[in-house]
Amino acid sequence: MNTSTDQLDAIVIGAGPAGSTVAAVLAQRGRRVLVLEKDKFPRYKVGESLMPYCYYPLERIGVIDQVKNAGFVQKHSVQFVRTDGKLSAPFYFFQHLKHEAATTWQVDRAKFDMMLLENAKAKGAQVVEQVNVRELIKEGDTVVGVRARDAEGVDHEYRAPVTLDCSGRDMFGINQNDWRVNDPQLKKIAVWAYYEGAMRDEGLDEGSTTVAYIPDKGWFWYIPLANDRVSVGIVGERDYLYRGERNPEAIFEREVQENAWIKQHLAPGKRVTDFHVTGDYSYRSRKIATDGLVLVGDAYAFLDPVFSSGVFLALRGGELAADAVDAALSAGDVTADRFVEYGAQIRTGLEAMRKLVYAFYDDGFSFGKLIRKHPDVRPALTDCLIGNLFRDFDELFNAVGEFAQLPEPVHTDAA
(Lines give C-alpha, C1' and ligand atoms only; values in the text may rest on other atoms or scores of the structure.)
Protein backbone atom coordinates (compact mmCIF):
# COMPACT_ATOMS: atom_id res chain seq x y z
CA MET A 1 0.00 0.00 0.00
CA ASN A 2 1.18 3.50 -0.85
CA THR A 3 0.77 6.01 1.96
CA SER A 4 0.67 9.68 1.03
CA THR A 5 3.14 11.84 2.89
CA ASP A 6 1.57 15.07 1.64
CA GLN A 7 0.43 17.39 4.40
CA LEU A 8 -3.26 17.80 3.60
CA ASP A 9 -5.91 19.91 5.28
CA ALA A 10 -8.90 18.16 3.68
CA ILE A 11 -9.79 15.16 1.53
CA VAL A 12 -12.81 15.48 -0.76
CA ILE A 13 -14.50 12.30 -2.01
CA GLY A 14 -16.11 13.03 -5.39
CA ALA A 15 -15.61 15.77 -7.97
CA GLY A 16 -19.23 16.60 -8.86
CA PRO A 17 -20.75 20.04 -8.15
CA ALA A 18 -20.54 19.59 -4.35
CA GLY A 19 -16.97 18.32 -4.33
CA SER A 20 -15.65 20.82 -6.85
CA THR A 21 -17.29 23.69 -4.96
CA VAL A 22 -15.89 22.53 -1.62
CA ALA A 23 -12.43 22.16 -3.15
CA ALA A 24 -12.51 25.57 -4.86
CA VAL A 25 -13.62 27.45 -1.71
CA LEU A 26 -11.09 25.72 0.53
CA ALA A 27 -8.29 26.18 -2.00
CA GLN A 28 -9.18 29.87 -2.27
CA ARG A 29 -8.66 30.03 1.48
CA GLY A 30 -5.18 28.55 1.09
CA ARG A 31 -6.11 25.09 2.31
CA ARG A 32 -4.34 22.02 0.91
CA VAL A 33 -7.12 19.96 -0.64
CA LEU A 34 -7.07 16.57 -2.34
CA VAL A 35 -10.06 15.53 -4.47
CA LEU A 36 -10.48 11.81 -5.18
CA GLU A 37 -12.82 10.98 -8.08
CA LYS A 38 -13.76 7.47 -9.21
CA ASP A 39 -14.50 8.45 -12.84
CA LYS A 40 -12.57 10.16 -15.61
CA PHE A 41 -14.03 13.55 -16.46
CA PRO A 42 -15.90 14.56 -18.53
CA ARG A 43 -18.55 11.98 -17.72
CA TYR A 44 -22.32 11.74 -18.24
CA LYS A 45 -24.72 12.87 -15.52
CA VAL A 46 -28.45 13.52 -15.53
CA GLY A 47 -29.86 16.61 -13.79
CA GLU A 48 -29.45 19.37 -16.33
CA SER A 49 -31.77 22.09 -15.04
CA LEU A 50 -30.31 24.80 -12.79
CA MET A 51 -32.25 26.88 -10.27
CA PRO A 52 -31.64 30.65 -10.48
CA TYR A 53 -29.93 30.72 -7.08
CA CYS A 54 -27.16 28.52 -8.48
CA TYR A 55 -25.81 31.84 -9.79
CA TYR A 56 -24.47 32.94 -6.39
CA PRO A 57 -22.19 29.98 -5.53
CA LEU A 58 -21.05 29.88 -9.16
CA GLU A 59 -20.17 33.55 -8.88
CA ARG A 60 -18.33 33.01 -5.61
CA ILE A 61 -16.07 30.26 -6.97
CA GLY A 62 -15.33 32.30 -10.07
CA VAL A 63 -17.02 30.41 -12.90
CA ILE A 64 -20.13 32.47 -13.58
CA ASP A 65 -18.69 34.12 -16.70
CA GLN A 66 -17.64 30.73 -18.08
CA VAL A 67 -21.14 29.38 -17.53
CA LYS A 68 -22.69 32.44 -19.21
CA ASN A 69 -20.48 31.95 -22.26
CA ALA A 70 -20.70 28.15 -22.51
CA GLY A 71 -23.60 28.09 -24.97
CA PHE A 72 -26.09 26.53 -22.57
CA VAL A 73 -29.81 27.10 -23.21
CA GLN A 74 -31.19 29.98 -21.15
CA LYS A 75 -33.99 29.12 -18.72
CA HIS A 76 -36.41 31.88 -17.71
CA SER A 77 -39.21 29.91 -16.06
CA VAL A 78 -40.74 26.66 -14.98
CA GLN A 79 -44.19 25.70 -16.25
CA PHE A 80 -46.68 22.97 -15.39
CA VAL A 81 -48.91 21.08 -17.82
CA ARG A 82 -52.12 19.19 -17.09
CA THR A 83 -52.75 15.79 -18.67
CA ASP A 84 -55.02 17.43 -21.25
CA GLY A 85 -52.10 19.55 -22.42
CA LYS A 86 -53.20 22.83 -20.83
CA LEU A 87 -50.33 24.97 -19.52
CA SER A 88 -50.28 26.80 -16.22
CA ALA A 89 -49.11 30.38 -16.21
CA PRO A 90 -45.32 30.02 -16.22
CA PHE A 91 -43.39 31.05 -13.12
CA TYR A 92 -41.11 33.64 -14.75
CA PHE A 93 -38.15 34.17 -12.46
CA PHE A 94 -37.53 37.77 -13.58
CA GLN A 95 -40.99 38.79 -12.33
CA HIS A 96 -39.80 38.00 -8.82
CA LEU A 97 -36.01 38.27 -8.83
CA LYS A 98 -34.63 41.62 -10.04
CA HIS A 99 -31.13 40.37 -10.71
CA GLU A 100 -29.36 38.76 -13.65
CA ALA A 101 -29.55 35.49 -11.68
CA ALA A 102 -33.18 35.35 -12.85
CA THR A 103 -31.83 33.99 -16.13
CA THR A 104 -30.42 30.54 -15.46
CA TRP A 105 -29.48 27.60 -17.68
CA GLN A 106 -30.21 24.10 -18.90
CA VAL A 107 -26.73 22.58 -18.88
CA ASP A 108 -24.88 19.65 -20.35
CA ARG A 109 -23.72 18.14 -17.08
CA ALA A 110 -20.58 16.58 -18.55
CA LYS A 111 -19.46 20.02 -19.73
CA PHE A 112 -20.73 21.88 -16.66
CA ASP A 113 -19.17 19.51 -14.13
CA MET A 114 -15.88 19.51 -16.03
CA MET A 115 -15.89 23.31 -15.86
CA LEU A 116 -16.31 23.20 -12.09
CA LEU A 117 -13.55 20.61 -11.66
CA GLU A 118 -11.09 22.53 -13.82
CA ASN A 119 -11.87 25.63 -11.76
CA ALA A 120 -11.06 23.78 -8.53
CA LYS A 121 -7.74 22.71 -10.03
CA ALA A 122 -7.01 26.28 -11.12
CA LYS A 123 -7.68 27.46 -7.57
CA GLY A 124 -5.02 25.03 -6.30
CA ALA A 125 -6.86 21.83 -5.41
CA GLN A 126 -5.07 18.57 -6.21
CA VAL A 127 -7.29 16.14 -8.14
CA VAL A 128 -6.78 12.42 -8.70
CA GLU A 129 -9.26 10.76 -11.06
CA GLN A 130 -10.09 7.08 -11.53
CA VAL A 131 -9.42 6.25 -7.91
CA ASN A 132 -12.08 4.45 -5.91
CA VAL A 133 -12.34 5.34 -2.22
CA ARG A 134 -13.03 2.09 -0.40
CA GLU A 135 -12.75 2.69 3.32
CA LEU A 136 -12.60 5.37 5.99
CA ILE A 137 -9.54 5.37 8.25
CA LYS A 138 -10.47 5.90 11.88
CA GLU A 139 -8.57 6.48 15.08
CA GLY A 140 -11.10 5.63 17.75
CA ASP A 141 -14.30 7.25 16.50
CA THR A 142 -12.53 9.99 14.54
CA VAL A 143 -12.12 9.83 10.77
CA VAL A 144 -8.51 10.66 9.87
CA GLY A 145 -8.41 9.71 6.19
CA VAL A 146 -9.35 7.19 3.53
CA ARG A 147 -8.07 4.11 1.76
CA ALA A 148 -8.51 4.05 -2.01
CA ARG A 149 -7.61 1.93 -5.05
CA ASP A 150 -6.46 3.39 -8.35
CA ALA A 151 -7.19 2.22 -11.90
CA GLU A 152 -4.12 -0.08 -11.85
CA GLY A 153 -5.33 -1.82 -8.70
CA VAL A 154 -2.78 -0.16 -6.42
CA ASP A 155 -4.03 0.70 -2.94
CA HIS A 156 -3.35 4.12 -1.43
CA GLU A 157 -3.82 5.66 1.99
CA TYR A 158 -4.49 9.39 2.40
CA ARG A 159 -4.73 11.23 5.71
CA ALA A 160 -6.08 14.66 6.62
CA PRO A 161 -7.74 16.33 9.62
CA VAL A 162 -11.11 16.32 7.83
CA THR A 163 -12.77 14.33 5.03
CA LEU A 164 -15.72 15.70 3.05
CA ASP A 165 -17.99 13.09 1.49
CA CYS A 166 -19.25 14.52 -1.80
CA SER A 167 -19.79 11.10 -3.40
CA GLY A 168 -23.33 11.88 -4.55
CA ARG A 169 -25.83 9.06 -4.80
CA ASP A 170 -23.01 6.57 -4.25
CA MET A 171 -23.53 7.61 -0.59
CA PHE A 172 -20.08 6.48 0.52
CA GLY A 173 -20.29 7.74 4.10
CA ILE A 174 -23.91 6.65 4.51
CA ASN A 175 -23.09 3.14 3.36
CA GLN A 176 -19.92 2.91 5.46
CA ASN A 177 -21.85 3.84 8.60
CA ASP A 178 -25.31 2.40 7.84
CA TRP A 179 -26.90 5.85 8.12
CA ARG A 180 -29.42 5.70 5.24
CA VAL A 181 -33.05 6.60 5.97
CA ASN A 182 -35.49 6.28 3.07
CA ASP A 183 -38.47 8.57 2.60
CA PRO A 184 -41.34 6.09 2.18
CA GLN A 185 -43.69 8.71 0.70
CA LEU A 186 -41.23 9.59 -2.07
CA LYS A 187 -40.20 6.17 -3.28
CA LYS A 188 -40.28 6.69 -7.04
CA ILE A 189 -38.56 5.43 -10.14
CA ALA A 190 -37.52 7.35 -13.25
CA VAL A 191 -37.16 6.40 -16.92
CA TRP A 192 -35.52 8.87 -19.31
CA ALA A 193 -33.82 9.38 -22.66
CA TYR A 194 -32.68 12.14 -25.01
CA TYR A 195 -34.33 13.32 -28.23
CA GLU A 196 -33.31 15.52 -31.11
CA GLY A 197 -35.67 17.53 -33.29
CA ALA A 198 -38.45 17.62 -30.71
CA MET A 199 -40.70 20.67 -30.49
CA ARG A 200 -39.76 23.69 -28.42
CA ASP A 201 -42.01 26.50 -27.27
CA GLU A 202 -41.45 30.01 -28.61
CA GLY A 203 -39.83 33.11 -27.22
CA LEU A 204 -38.99 33.20 -23.53
CA ASP A 205 -40.53 29.75 -23.09
CA GLU A 206 -38.11 28.04 -25.49
CA GLY A 207 -35.79 27.02 -22.65
CA SER A 208 -38.37 26.53 -19.90
CA THR A 209 -38.39 23.46 -17.72
CA THR A 210 -41.78 21.81 -18.19
CA VAL A 211 -43.32 19.51 -15.61
CA ALA A 212 -46.16 17.59 -17.30
CA TYR A 213 -48.58 15.55 -15.22
CA ILE A 214 -49.66 11.97 -15.84
CA PRO A 215 -52.32 10.12 -13.80
CA ASP A 216 -51.71 9.28 -10.14
CA LYS A 217 -49.34 12.20 -9.60
CA GLY A 218 -46.63 10.98 -11.90
CA TRP A 219 -44.91 13.49 -14.15
CA PHE A 220 -42.65 14.07 -17.12
CA TRP A 221 -39.74 16.45 -17.22
CA TYR A 222 -39.01 18.19 -20.52
CA ILE A 223 -35.71 20.08 -20.56
CA PRO A 224 -34.46 21.75 -23.77
CA LEU A 225 -30.67 21.52 -24.17
CA ALA A 226 -28.15 22.89 -26.66
CA ASN A 227 -27.65 21.37 -30.12
CA ASP A 228 -31.37 20.65 -30.61
CA ARG A 229 -31.36 18.02 -27.86
CA VAL A 230 -34.06 17.55 -25.20
CA SER A 231 -33.87 15.59 -21.95
CA VAL A 232 -37.22 13.84 -21.35
CA GLY A 233 -38.02 11.62 -18.41
CA ILE A 234 -40.91 10.22 -16.44
CA VAL A 235 -41.11 9.83 -12.66
CA GLY A 236 -43.77 7.81 -10.89
CA GLU A 237 -44.64 5.13 -8.38
CA ARG A 238 -43.10 1.76 -9.14
CA ASP A 239 -46.48 0.00 -9.04
CA TYR A 240 -47.95 2.51 -11.48
CA LEU A 241 -45.13 2.53 -14.01
CA TYR A 242 -44.48 -1.22 -13.85
CA ARG A 243 -48.12 -2.28 -14.14
CA GLY A 244 -48.09 -5.14 -16.62
CA GLU A 245 -44.83 -4.06 -18.23
CA ARG A 246 -41.11 -3.91 -17.33
CA ASN A 247 -39.58 -2.76 -20.59
CA PRO A 248 -38.43 0.89 -20.19
CA GLU A 249 -39.21 1.84 -23.79
CA ALA A 250 -42.71 0.35 -23.62
CA ILE A 251 -43.38 2.09 -20.30
CA PHE A 252 -42.18 5.41 -21.64
CA GLU A 253 -44.14 5.20 -24.89
CA ARG A 254 -47.29 4.18 -23.03
CA GLU A 255 -47.07 7.16 -20.70
CA VAL A 256 -46.40 9.62 -23.52
CA GLN A 257 -49.99 8.94 -24.57
CA GLU A 258 -51.17 10.14 -21.13
CA ASN A 259 -50.15 13.78 -21.65
CA ALA A 260 -51.20 15.68 -24.75
CA TRP A 261 -48.44 18.29 -24.45
CA ILE A 262 -45.65 15.71 -24.20
CA LYS A 263 -47.12 13.69 -27.06
CA GLN A 264 -47.28 16.77 -29.28
CA HIS A 265 -43.78 17.98 -28.43
CA LEU A 266 -42.10 14.62 -28.93
CA ALA A 267 -43.93 13.81 -32.19
CA PRO A 268 -41.39 15.45 -34.55
CA GLY A 269 -38.39 14.26 -32.54
CA LYS A 270 -36.14 11.23 -32.75
CA ARG A 271 -34.77 9.41 -29.72
CA VAL A 272 -30.95 9.39 -29.90
CA THR A 273 -30.00 7.49 -26.71
CA ASP A 274 -30.96 4.33 -24.90
CA PHE A 275 -33.32 4.60 -21.94
CA HIS A 276 -31.94 5.10 -18.45
CA VAL A 277 -33.69 3.82 -15.32
CA THR A 278 -33.12 4.64 -11.67
CA GLY A 279 -35.13 4.28 -8.47
CA ASP A 280 -35.30 4.94 -4.73
CA TYR A 281 -35.05 8.66 -5.30
CA SER A 282 -35.44 10.15 -1.84
CA TYR A 283 -33.28 9.47 1.19
CA ARG A 284 -31.21 11.22 3.80
CA SER A 285 -28.50 10.32 6.27
CA ARG A 286 -29.08 9.91 9.98
CA LYS A 287 -26.01 12.10 10.51
CA ILE A 288 -24.56 14.95 8.52
CA ALA A 289 -21.22 14.89 10.31
CA THR A 290 -19.13 12.99 12.77
CA ASP A 291 -15.65 13.68 14.12
CA GLY A 292 -13.46 14.32 11.09
CA LEU A 293 -16.18 13.62 8.49
CA VAL A 294 -18.74 15.94 6.83
CA LEU A 295 -21.43 14.90 4.30
CA VAL A 296 -22.30 17.30 1.47
CA GLY A 297 -24.93 17.41 -1.27
CA ASP A 298 -26.44 14.12 -2.47
CA ALA A 299 -24.01 12.25 -0.21
CA TYR A 300 -26.14 13.58 2.66
CA ALA A 301 -29.64 13.67 1.16
CA PHE A 302 -31.49 13.53 -2.12
CA LEU A 303 -35.01 14.68 -2.89
CA ASP A 304 -37.33 13.78 -5.71
CA PRO A 305 -36.09 15.89 -8.66
CA VAL A 306 -39.39 17.55 -9.60
CA PHE A 307 -38.15 21.06 -8.73
CA SER A 308 -34.53 20.60 -9.90
CA SER A 309 -33.09 21.30 -6.46
CA GLY A 310 -30.22 18.78 -6.54
CA VAL A 311 -27.46 20.82 -8.20
CA PHE A 312 -28.36 23.92 -6.20
CA LEU A 313 -28.23 22.06 -2.88
CA ALA A 314 -24.88 20.59 -3.94
CA LEU A 315 -23.43 24.00 -4.83
CA ARG A 316 -24.80 25.85 -1.82
CA GLY A 317 -24.04 22.93 0.48
CA GLY A 318 -20.50 22.89 -0.85
CA GLU A 319 -20.09 26.55 0.04
CA LEU A 320 -21.50 26.12 3.54
CA ALA A 321 -19.49 22.98 4.23
CA ALA A 322 -16.25 24.55 3.04
CA ASP A 323 -16.82 27.59 5.25
CA ALA A 324 -17.52 25.36 8.25
CA VAL A 325 -14.45 23.21 7.59
CA ASP A 326 -12.22 26.24 7.14
CA ALA A 327 -13.39 27.62 10.48
CA ALA A 328 -12.93 24.22 12.14
CA LEU A 329 -9.37 23.91 10.81
CA SER A 330 -8.55 27.41 12.04
CA ALA A 331 -9.87 26.45 15.47
CA GLY A 332 -7.96 23.16 15.47
CA ASP A 333 -11.22 21.34 16.20
CA VAL A 334 -12.88 19.11 13.60
CA THR A 335 -15.26 17.31 15.94
CA ALA A 336 -18.90 16.95 15.00
CA ASP A 337 -19.92 19.87 17.22
CA ARG A 338 -18.18 22.25 14.81
CA PHE A 339 -20.70 21.32 12.08
CA VAL A 340 -23.98 21.69 13.98
CA GLU A 341 -24.74 25.09 12.43
CA TYR A 342 -23.88 23.80 8.95
CA GLY A 343 -26.29 20.89 9.47
CA ALA A 344 -29.04 23.24 10.68
CA GLN A 345 -28.66 25.47 7.62
CA ILE A 346 -28.81 22.56 5.19
CA ARG A 347 -31.79 21.08 6.99
CA THR A 348 -33.70 24.38 6.74
CA GLY A 349 -33.41 24.48 2.96
CA LEU A 350 -33.98 20.78 2.51
CA GLU A 351 -37.12 20.76 4.67
CA ALA A 352 -38.67 23.64 2.72
CA MET A 353 -38.16 21.83 -0.57
CA ARG A 354 -39.30 18.51 0.92
CA LYS A 355 -42.61 20.05 2.00
CA LEU A 356 -43.18 21.43 -1.48
CA VAL A 357 -42.41 18.02 -3.01
CA TYR A 358 -44.90 16.34 -0.63
CA ALA A 359 -47.55 18.86 -1.65
CA PHE A 360 -46.86 18.27 -5.34
CA TYR A 361 -47.68 14.57 -4.93
CA ASP A 362 -50.80 15.16 -2.81
CA ASP A 363 -54.10 14.65 -4.69
CA GLY A 364 -55.64 17.65 -2.95
CA PHE A 365 -52.98 20.14 -3.99
CA SER A 366 -52.45 22.24 -7.08
CA PHE A 367 -50.53 25.46 -7.58
CA GLY A 368 -53.60 27.03 -9.12
CA LYS A 369 -55.80 26.31 -6.09
CA LEU A 370 -53.11 27.56 -3.72
CA ILE A 371 -52.58 30.87 -5.52
CA ARG A 372 -56.28 31.53 -6.09
CA LYS A 373 -57.03 31.20 -2.36
CA HIS A 374 -53.77 32.70 -1.08
CA PRO A 375 -52.35 35.06 -3.74
CA ASP A 376 -50.13 36.64 -1.08
CA VAL A 377 -47.96 33.50 -0.83
CA ARG A 378 -46.93 33.53 -4.48
CA PRO A 379 -43.63 35.38 -3.73
CA ALA A 380 -42.68 32.77 -1.11
CA LEU A 381 -43.65 29.95 -3.45
CA THR A 382 -41.50 31.46 -6.19
CA ASP A 383 -38.63 31.75 -3.71
CA CYS A 384 -38.85 27.97 -3.28
CA LEU A 385 -38.82 27.45 -7.04
CA ILE A 386 -35.76 29.67 -7.59
CA GLY A 387 -33.72 28.30 -4.69
CA ASN A 388 -34.08 31.03 -2.05
CA LEU A 389 -34.61 28.26 0.47
CA PHE A 390 -32.81 29.50 3.57
CA ARG A 391 -35.61 31.70 4.95
CA ASP A 392 -38.85 31.50 6.93
CA PHE A 393 -41.64 29.76 4.98
CA ASP A 394 -44.20 29.39 7.78
CA GLU A 395 -46.87 31.47 6.04
CA LEU A 396 -46.44 29.58 2.77
CA PHE A 397 -46.66 26.13 4.27
CA ASN A 398 -49.53 27.04 6.57
CA ALA A 399 -51.39 27.82 3.34
CA VAL A 400 -50.12 24.72 1.52
CA GLY A 401 -51.18 22.64 4.52
CA GLU A 402 -54.81 23.48 3.78
CA PHE A 403 -54.56 21.40 0.60
CA ALA A 404 -51.91 18.78 1.35
CA GLN A 405 -50.62 16.55 4.13
CA LEU A 406 -47.13 17.83 4.87
CA PRO A 407 -44.33 15.78 6.45
CA GLU A 408 -43.12 16.11 9.98
CA PRO A 409 -39.62 17.63 10.23
CA VAL A 410 -36.77 15.14 10.24
CA HIS A 411 -33.95 15.65 12.71
CA THR A 412 -30.38 15.02 11.62
CA ASP A 413 -27.49 14.73 14.02
CA ALA A 414 -24.06 16.20 13.66
CA ALA A 415 -22.54 13.80 16.16
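Buried denotes a relative accessible area under 20%, exposed one over 50%, and partly exposed a value in between, computed with a 1.4 Å probe on protein chains only. The model is predicted: local features need pLDDT of at least 70, side-chain atom pairs count only at pLDDT 80 or more, and totals for chains, interfaces and linings use all residues. Residues are numbered from 1 along each chain as its sequence is written, and side-chain values use heavy atoms, with hydrogens and water left out.

**Exercise 1. Characterise the surroundings of H76.**

Step 1. Locate the residue. H76 sits in the loop between strand 4 (73-75) and strand 5 (77-81). Helices (H or I, at least four residues) and strands (E, at least two) are DSSP runs, numbered from the N terminus.

Step 2. Classify its accessibility. The relative accessible area of H76 is 12%, so the residue is buried.

Step 3. List its contacts, that is, heavy atoms within 4.5 Å. With neighbours within four places in sequence left aside, H76 is in contact with F91, Y92, F93, A102, T103 and L204.

**Exercise 2. Determine how many disulfides the model contains, and explain the result for C54 and C384.**

Step 1. State the criterion. A disulfide is a pair of cysteine sulfur atoms within 2.5 Å.

Step 2. Apply the criterion. The count comes to zero disulfides.

Step 3. Examine the distance. The cysteine sulfur closest to that of C54 belongs to C384 and is 15 Å away, which is too far for a bond. Considered from the other side, C384 is in no disulfide, and its nearest cysteine sulfur is that of C54, 15 Å away.

Step 4. Add the accessibility. C54 counts as buried because its relative accessibility is 1%; C384, at 0%, likewise counts as buried.

**Exercise 3. Identify the peptide bond geometry between F41 and P42.**

Step 1. Read the torsion. Omega is about -5°, and the peptide bond that joins F41 and P42 is cis.

Step 2. Place the proline. P42 belongs to the loop between strand 3 (33-37) and helix 2 (55-60).

**Exercise 4. Describe the backbone and accessibility of D178 and D228.**

Step 1. Take D178. Its phi is near 55°, a positive value in a residue other than glycine. D178 lies in the loop between helix 5 (172-177) and strand 13 (180-182). With a relative accessibility of 58%, D178 counts as exposed.

Step 2. Take D228. Its phi, near 60°, is positive in a residue other than glycine. The loop between strand 16 (218-224) and strand 17 (229-237) holds D228. At a relative accessible area of 40%, D228 is partly exposed.
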